[in-house]
Amino acid sequence: MALTLEQYATYLDTRRDLSWPAPAVAERPKAKPHLVPLPGVRAVLWNVYGTLLAVAGGELYFEHPQKFVMDVALDKTIHEFKMWASMTRKPGQPADYLRRVYADLLTEQRMVPGGNEKYPEIISERLWEGFIKKLLQKDYKFDAGFYGSLNEFSRKVAYFFHASLQTPVAYPGAADALRHVRGNVRAQGLLADGQAFTLMQLQRGLEQQGGPANLGELFDPALCILSHEVKGRKPSERLFRQALSALSERGIEAGEVLHVGSRLPQDIAPARKLGMKTGLFAGDKTSLQASAAELKDAATRLDVMLTELSQIADLVGCSGRTGGCSFSTLRSAALTP
């Protein structure tokens with residue numbers, strides 16, 4: 001029986017012949033938290049990359065800005081899946097050829113009409129499926145018994161390639177923060193740019209902070225809204241409206257929702273526009289996208305700012321308690337260069 005994506009990732013962990021990029025290390029910005037209790041919050045929706053998961057560059061890359069890193073990832077993918085024999089033989093290194101084909105496939109996806117969607121998402125597994133179909137025309141073969149069907153195989157290739165570009169790791173306190181929210185508000189979900197492998201990466205990152213992490217227990221599956229499924233990436237309102245629709249079915253209105261993200265234009269602005277409460281995670285200089293001017297702008301003004309994920313306990317789940325939940329002193333949110 002073919003391996004699931006999670007089983008495949010576990011299998012890769014056992015491979016001593018493979019090396020991965022060093023995990024991202026958070027670099028704290030000069031920021032002061034702005035923490036006030038939000039007793040009316042009944043649901044919390046989290047961004048993933050740059051908020052719960054740290055990655056180099058602060059967001060999921062499709063093309064690495066450093067050519068050397070990109071070439072290494074492409075070359076590893078070619079060799080891992082034995083693609084070279086079915087690739088067009090042209091002068092130069094295998095990665096040079098694949099980089100050009102990959103860039104063309106990226107362009108194709110970006111140019112696909114998105115209807116009314118202003119911010120269409122790239123679907124990584126579909127991109128790789130397009131490349132594999134080109135190889136299949138030249139007698140390429142893969143082990144379906146191990147990898148699964150074409151779309152399952154494409155998903156595993158996408159995971160391998162992205163793992164070769166960036167190694168995600170959960171931010172300190174992420175697991176405890178999610179457990180606190182789950183135990184103290186009615187609903188918890190994800191509202192994020194993400195691919196088919198994102199939930200698995202999140203689960204693995206949380207497990208490194210203290211044992212098995214069952215995402216089904218932490219999050220309501222219907223509230224895990226990811227861009228690859230919605231086919232629109234932030235700041236697309238499509239993600240936010242789908243989340244609000246699912247919450248409305250549970251009797252939760254926009255004003256009772258806190259969205260936590262690390263980017264004012266992509267996370268805070270659309271959430272605020274649709275009536276949600278907003279929380280900025282300013283715990284990593286790499287992922288933080290916020291300026292002093294944006295903090296003062298009415299369109300991107302936030303309700304709270306966290307510099308550590310553990311501070312979520314100061315915001316939600318404290319209503320009616322007589323002890324055990326200390327509120328930080330209210331301070332004006334501030335970011336300095």
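V44 stands opposite Q188 in strand 5, and the same V44 also stands opposite L258 in strand 7. Here strands (DSSP runs of E, at least two residues) and helices (DSSP runs of H or I, at least four residues) are numbered from the N terminus, and two strands pair if DSSP finds at least two bridges between them. The structure is a predicted model, in which local features need pLDDT of at least 70 and side-chain atom pairs count only at pLDDT 80 or more, while totals for chains, interfaces and linings use all residues. Residues are numbered from 1 along each chain as its sequence is written, and side-chain values use heavy atoms, with hydrogens and water left out.

**The sheet**

- An open sheet is formed by 6 strands with parallel pairing, and their order across the sheet is 6-5-2-7-8-9.
- Strand 6 (224-226) and strand 9 (304-306) stand at the edges with a single partner strand each, so one side of each has no neighbour in the sheet.
- On average, neighbouring strands of this sheet are turned by 20° against each other, direction ignored, where the axes are lines fitted to C-alpha atoms (for helices over the stretch in contact) and angles run from 0 to 180 degrees between N-to-C directions.

**Strand 5 and its partners**

- Strand 2 is joined by 4 bridges to strand 5 (residues 187-192), and the two run parallel; A187 in strand 5 is the bridge partner of A43.
- Strand 5 also pairs with strand 6 in the parallel sense, over 3 bridges, and A192 stands opposite L226 in strand 6.
- Of the 6 residues of strand 5, 6 are buried, where buried means under 20% relative accessible area, exposed means over 50%, and partly exposed lies in between (1.4 Å probe, protein chains only).
- Both faces of strand 5 are covered, with A187, G189 and L191 buried on one side and Q188, L190 and A192 buried on the other.

**Strand 7 and its surroundings**

- Strand 7 (residues 257-261) is largely enclosed by the rest of the structure, because 5 of its 5 residues are buried.
- On one side of strand 7 the buried residues are V257, H259 and G261, and on the other they are L258 and V260, so that both faces are covered.
- Strand 7 pairs in the parallel sense with strand 2 (residues 43-46) over 4 bridges, and it pairs in the parallel sense with strand 8 (residues 277-281), also over 4 bridges.
- The bridge partner of G261 in strand 8 is L280.
- Strand 7, helix 12 (residues 264-273) and strand 8 make a right-handed β-α-β unit; a crossover is right-handed if, with the strands pointing away from the viewer, the path from the first strand over the helix to the second runs clockwise.

**The loop after helix 12**

- G275 lies in the loop between helix 12 and strand 8, and with 39% relative accessibility G275 counts as partly exposed.
- G275 and L226 are 49 residues apart along the chain, and their C-alpha atoms are separated by 20 Å.
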